[in-house]
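Work through the exercises below with the sequence and the coordinates open. Each task is followed by a solution in steps.

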Amino acid sequence: VLSSTGVLAAAQITIVNNDGPGEGFNNATAATPVGGNSGLTVGEQRLQVFRYAAKIWSSVVNSNVEIKVDSAFDPLTCTASSAVLGSAGPVTLHRDFSGAPLTLTYYSAAQANALAGVDLAPTSADISATFNSEIGKTGCLQSSAWYYGLDGNKPSNAIDMLTVVLHEIGHGLGFQTFVNTTTGAKFNNRNDTFMLNLEDHSLGLKWSQMSNAQRVASAVDEPDLHWTGTRVNAASAAFTGGINQGHFQMYAPNPLESGSSVAHFSKAVTPNELMEPAINPGVGDTSLTQALLADIGWSTSTSFTPVISTFPDISSGGNQPGSVNFAIDDHDSAVSGLVISVASSNSALIDNSDFSIAGTGRLRALSFTPNPGASGVANVTVTVSD
């Protein structure tokens, strides 16, 4: 039996399976393990991707209240050439709770709970996430497919699900405004923590200072709509595009794209970022998103905890050598420098010296050889640390 560990996460994020029998996470179609994902069915592989994304975000934000993510696969808007890959957002909003840094200001459920230290809506989840079940089917990006690997090494015609899940959970944690971008009206006529960091250069006003009509105009005013938060803009020197007077540009195309406008970084940001409106290949780094979450009031980790994928149970008959692939990640240290250790609970069956690990990137291979003539069960713990 193999298990994986890391140091204690800063938050507990739980994926809640809302799919019915035979669909989504419960799809029993056989699948071959890929890219460190050991699931043997399509549903298992999907669930492992979501749980791996949850591990990554758990290492980013601090909360002593469990963050529950209602998750499901359903048909979403789709054509042969474009599709909504997924959508997510907070289930509830809260203001003027005990521990709120600002009065008369709305916070997403997960952030409000973290600030309050208690679950303010204990009967509901904190984030709701839905992903497109039709990708790859006739009429829905049929030349593409979801890639369920955890190593970022997707085929050219595939869509990296891990990146999409990381992106959508980012929205659920608060990377969005609750202003109606069509009318400019604030939610219940109150500010939210995201909009407080939005400013329009051409108007010289922050969104909290604007009229409804001015916010409508600003929502389609790229490149003049930008982010004022200090944590995000401290990173601007590392970018060669999408920076306006030292501030990151936000996505504000004309005409308005409901659901995308304002709630993303501009497509002009270079190098590409996780929270742009279109998923960019190979972009799974949460660091700039973490900075934005800090700007809106989240407590975030000062050091990213390395994460490691789930291992399957393995049987080895006749003392034959065995191996298994797994994935690791760390956003503030080079993965080539991470330290991986292996410990066996049954040295008579398989000793610690009987293991070897290959690879230097996010995908690694653990190989082992049981002791000659031995039989039984060993609990094997694989730990990654920086």
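The exercises that follow concern a predicted model.

**Exercise 1. Classify the aromatic pair of Tyr106 and Phe187, and state where the two residues lie and how accessible each is.**

Solution.
- The structure holds 14 aromatic pairs. In the pair of Tyr106 and Phe187, the ring centres are 5.0 Å apart and the planes make 70 degrees.
- Plane angles over 60 count as edge-to-face, and the pair is edge-to-face.
- Tyr106 belongs to strand β6 (residues 105–108), while Phe187 sits in the loop between α3 (161–172) and β10 (191–192). With their positions 81 residues apart, the pair links distant parts of the chain.
- Buried means under 20% relative accessible area. Tyr106 has 7% and is buried, whereas Phe187 has 36% and is partly exposed.

**Exercise 2. Apply the treatment to the rings of Phe175 and Phe265, then name the aromatic cluster that contains them.**

Solution.
- The centres of Phe175 and Phe265 lie 5.3 Å apart with the planes at 80 degrees, so this pair is edge-to-face.
- Phe175 is in the loop between α3 and β10, and Phe265 is in the loop between β15 (247–248) and α6 (287–295). They are 90 residues apart, and their pair links distant parts of the chain.
- Phe175 is buried at 0% relative accessible area. Phe265 is also buried, at 0%.
- One aromatic cluster is formed by Phe175, Phe194, Trp227, Phe239, Phe248 and Phe265.

**Exercise 3. Describe the sheet that contains β2, β3, β7 and β4, and the helices that pack on it.**

Solution.
- The sheet is open, has 4 strands in the order β2-β3-β7-β4, and its pairing is mixed.
- β2 (13–17) and β4 (86–90) each have a single partner strand, so they are the edges and one side of each lacks a neighbour in the sheet.
- Ignoring direction, neighbouring strands of this sheet are turned by 20 degrees against each other on average.
- Strands β3 (residues 67–74) and β7 (residues 127–132) run parallel and are joined by 6 bridges. Opposite Phe73 stands Phe131 in β7.
- Helix α1 packs on the sheet and touches β2, β3 and β7, with its direction at about 155 degrees to that of β2. Helix α3 also packs on the sheet, touching β3, β4 and β7, and makes about 25 degrees with the direction of β4.
- Arg46 lies over the face of Phe73, 4.3 Å from the ring centre.

**Exercise 4. Check the length of helix α1 against its residue count, and decide whether the helix is enclosed or open.**

Solution.
- Helix α1 (residues 42–58) has 17 residues, which at 1.5 Å a residue should span 24 Å. The span is taken over one less than the number of residues.
- Its end C-alpha atoms are 24 Å apart, in agreement with the expected value.
- Of the 17 residues of α1, 14 are buried, so the helix is largely enclosed by the rest of the structure.

**Exercise 5. Which side chains of strand β21 are buried, and how does β21 run relative to β18?**

Solution.
- In a regular strand, side chains alternate between the two faces of the sheet.
- Strand β21 (residues 380–385) shows this alternation: Val380, Val382 and Val384 point to one face and are buried. Thr381, Thr383 and Ser385 point to the other face and are not buried.
- β21 and strand β18 (residues 339–344) run antiparallel and are joined by 6 bridges. Thr381 in β21 is the bridge partner of Ala343.

**Exercise 6. Lay out the sheet of β5, β6 and β10 and place helix α2.**

Solution.
- This open sheet has 3 strands, ordered β5-β6-β10, with mixed pairing. β5 (93–94) and β10 are the edge strands, each pairing on one side only.
- β6 and β10 are parallel and share 2 bridges; Asn191 in β10 stands opposite Thr105.
- Helix α2 (residues 109–116) lies across β5 and β6, at about 100 degrees to β6.

**Exercise 7. Locate the backbone features at Pro223, Pro255, Asp96 and Asn189.**

Solution.
- Most residues other than glycine have a negative phi, and most peptide bonds are trans.
- The bond from Glu222 to Pro223 is cis, with omega near 15 degrees; Pro223 is in the loop between α4 (212–218) and β13 (225–227).
- Asn254 and Pro255 are also joined by a cis bond, with omega about 10 degrees. Pro255 is in the loop between β15 and α6.
- Asp96 has a positive phi of about 55 degrees, lies in the loop between β5 and β6, and is partly exposed at 37%.
- Asn189 has a positive phi near 60 degrees, lies in the loop between α3 and β10, and is exposed at 57%.

How values were computed
Residues are numbered from 1 along each chain as its sequence is written. Side-chain values use heavy atoms; hydrogens and water are left out. Rings of Phe, Tyr and Trp (its six-membered ring) pair if their centres lie within 6.5 Å; planes under 30 degrees apart count as stacked, over 60 as edge-to-face and the rest as tilted. Buried means under 20% relative accessible area, exposed over 50%, partly exposed in between (1.4 Å probe, protein chains only). A charge sits over a ring if NZ of Lys or CZ of Arg is within 6 Å of the ring centre and within 35 degrees of the ring normal. Two strands pair if DSSP finds at least two bridges between them. Contact means heavy atoms within 4.5 Å. Axes are lines fitted to C-alpha atoms, for helices over the stretch in contact, and angles run from 0 to 180 degrees between N-to-C directions.
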